[in-house]
Amino acid sequence: MVGGRSAAGPVRSRYTGPALAAAVVLCGLLATLLTVAGLRAAQRENTRRVMDQRAEMALSAVHAETDRYRDLLEAVAAGLATDETVTWDDFDQASAPLDSAGLLGVVAIAYVVPVTTADVPAAQERWRAAGASGLTLHPRAGASEHYFPVFSRILNEHDTATGSAGTDLSGVAQPADALRTARQIGGSTVSDTYVLLRDRKVPAAERQQSFVFAAPVRTRANDPVFRGWLVLGLRGGDFLSGVLATVSQGQLDGTLVAVNSDGSRARVARQPVPGDPDLTRSMTLPVADHVWELGLRADSGRLPGAGGHLPVTVLAGGLILTGILAWLVYVLATGRTRARERVEQATAELRGAEAESRRQAGLLGAIMTTIGDGVSVVDGSGRVLLENPAAKRLMGVTESNDDPGAWQEHYGAFRADGSTPMPVDEMPLIRAMRGEPDVTGEVLIRNANRPDGVLLGVDARPLDPSAGLRGAVAVFRDITDLRQYEKDLAIFAGVVAHDLKSPLAIVRGHCELALDDPGDAAEVRSSLLRIMRAVDRMDALIETLLAYSTARDAALSLADLPLEPLVREALQERAASLRSTGGPRPSWTVGPLPGVRADPAMLRHVLDNLIGNAFKYVRPGAAPYADVTAADAAPGWVRIVVADAGIGIPDPDKPRVFDSFHRAPGSAGYDGTGLGLAICRRVVERHGGEIGVEDNPGGGTRFHFTLPVAANQEELDMRHIPTEPVEEDDAKVRAALDRALAERAAIMDSRLPGLSALPAAEPSSHDPAAARLRAPVPDHQHQD
């Protein structure tokens, strides 16, 4: 019997573990399946409830938005009705609040007036006088009454479509019917769906079906007088996407359908969402005198609280938990060995997690050490928790300081003026420690390691609560160079302002002198000549600045063109201008020049500046000379050289001659703004070429620049075949220009005292008084 017990014990112990584990598995599977079934039933019910809630929210949002648009439109219309005569200022003041009203999908608001065919000219003048400057009415042929928008305000800051001011809306059935209905019923209406006039020029793929809301403008008298309508344009797609983005959180597939006046149904817009929609809701809502239908669909698996992953997760979790429990029962039932192995495995996992934590901490430390911006982290008492090397380098210290009261002295912190010590309460880190969000400021650091001072831009914020302690973090950036750049811009503005004020002061002084004491004709002539010189200097500076800006920002209009006619034209015009001032007779030579691919106007600036400099910067008594030649450069490029025999450029100044407002010391006695060569460099570089300067072996200077060669060189050569020798052509041109200038000088002498009609004279870069007087816009061709 004893032997039987001892034999049965091992048998029972052998099967006890597997039997208990199997029982746990069966119970776990049963509990898990019952739980999953209950969850799926609850999910289906929750899905329907969530869908109903979202649909009601979407319908309420659409209804609320359309009612709000009507209320705002009627409020603005009521405000305009109180004015005896509606002007642009009245419309602008009344509609200004709509800019900040957040109107989803709204494009613009316009004031529309009815005009009969006979009254169109008078109405156009009347509304122009009321502030609609430049308004032109375009009545539709065959209509007895026209509906013209006279004032409008764009309410969509991203809208780039063309407006419809002055367009006759009576030719568009949908808005015209809405306007007539609004006037007839005396209340707000909405049009049938159509494409707005401003959208009809955009690509078809970008067009949206839209509506207009119309509200009549009537006076408040006992017998109201109808004046016009306020019309609000609404893009259906933008409206639907804006409303659904707010209420559906990207989970509702929406479709907006409008029931038109003829009973037809037009789909206005659709807002699709990812997924496979299996829930559908359809609702109608009244909008003014129309009815809209809102159709909504959703994927039940994507709705909050109804995702299909929860049952799967519970099932997987239940299976895992059942397996774990079964395994634990088996392990506990079979001995301590497996339990010990599990403990060892868990210990190894903990050690791996600890090693990963250390690696992440090391990576964070490496990042803080590598970044160029300074980072400082302090706790609630001001103790420095972290300060990366960049922060210490920027602030010029090697040791941190944990006493906020000593920060000013320790770091040498001053206000941005550089002389006022920064109070502790104003320091960005202190303010962030007090809880101020997004603190920004500028601090000048000057200490033994930063004797010249460094201006730091500081961005400080309170420490995130997830860190488990109070404190603040600050990021420092060196903005010294940025502020110096801003200072240079201010100096640039000052130079321009000074150069513009000087000729204005001369003009004003001579005008006051002429008013106080006109004097004799010779004095009047002398004052007028000085005024003309001052105005021409100011005009030349403005034109040069415009050319400087155009050379940088204007779009290039590239074309294949022959270079030689442009060069000869620039030479002849500069020579004629020089001769008209009594200067020495210039000479020049022009070598064979190929066709180039360039912007004609901009290339004309380059040639005019370089040739003008060659004729201007000459020694006293010397004759101006220019030599224009061309040579091959890189494949597909040509190198144009303009050489002169002038005063030359010292070697130290050569690297800077193409900088803005730079003038070499040797050019002090010559007119100029210091922008001509800067313009040349911008133009050449925008064409992809290079420009440079070197000494002319025969004395003077050689400017050279590169341009792309024209694609069809032979065709350009055939179009530019001279019919007579170049020397003879130049001589004839010079003689004709001399005669014309002499005749104009004689006319000027005879008409100058009366000032009734000043003739035009050729512009000169040497004598501003010889520049032509033009109106209303100056047009200088010659620049330094």
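## A cavity lined by nonpolar residues

The lining of the second largest cavity consists of 15 nonpolar residues, 1 polar residue and 1 charged residue. The structure described here is a predicted model. Its cavities of 30 Å³ or more number 2, and the second largest encloses about 230 Å³ of space. Among the 17 residues lining this second largest cavity, Met395, Trp407, Tyr411, Leu429 and Phe476 are the closest to its centre.

Several elements contribute two or more residues to this lining. The helices are H9 (407-411) and H10 (428-433). The strands are S10 (374-379), S11 (384-387), S13 (439-447), S14 (450-462) and S15 (471-478).

## The open sheet

Elsewhere in the model, 5 strands build an open sheet with mixed pairing, in the order S17-S19-S20-S22-S21. Strands S17 (587-590) and S21 (691-695) are at the edges and have a single partner strand each, so one side of each lacks a neighbour in the sheet. On average, and with direction ignored, neighbouring strands of the sheet are turned by 20° against each other.

S21 and strand S22 (residues 701-708) run antiparallel and are joined by 5 bridges. In one of these pairings, glycine 692 has histidine 704 in S22 as its bridge partner.

## Helices on the sheet

Helix H13 (residues 563-580) packs on the sheet, where it touches S17, strand S19 (625-632) and strand S20 (637-644). The direction of H13 makes about 180° with that of S17. Helix H14 (residues 600-616) lies across S17, S19, S20 and S22, and H14 runs at about 170° to S22.

How values were computed
Residues numbered from 1 in each chain as written. Predicted model: local features only at pLDDT ≥ 70, side-chain atom pairs only at ≥ 80, totals over all residues. Heavy atoms only, no water. Pairing = 2+ DSSP bridges. Helix = DSSP H or I, 4+ residues; strand = E, 2+ residues; numbered from the N terminus. Axes fitted to C-alpha atoms, helices over the stretch in contact; angles between N-to-C directions. Contact = heavy atoms within 4.5 Å. 1 Å grid on protein atoms, 1.4 Å probe; cavity = no way out; pocket = protein on both sides within 12 Å on 5 of 7 lines; lining within 4 Å. Points joined across faces, edges and corners; volume = space filled by probe spheres on them. Nonpolar A, V, L, I, M, F, W, Y, C, P; charged D, E, K, R; others polar.
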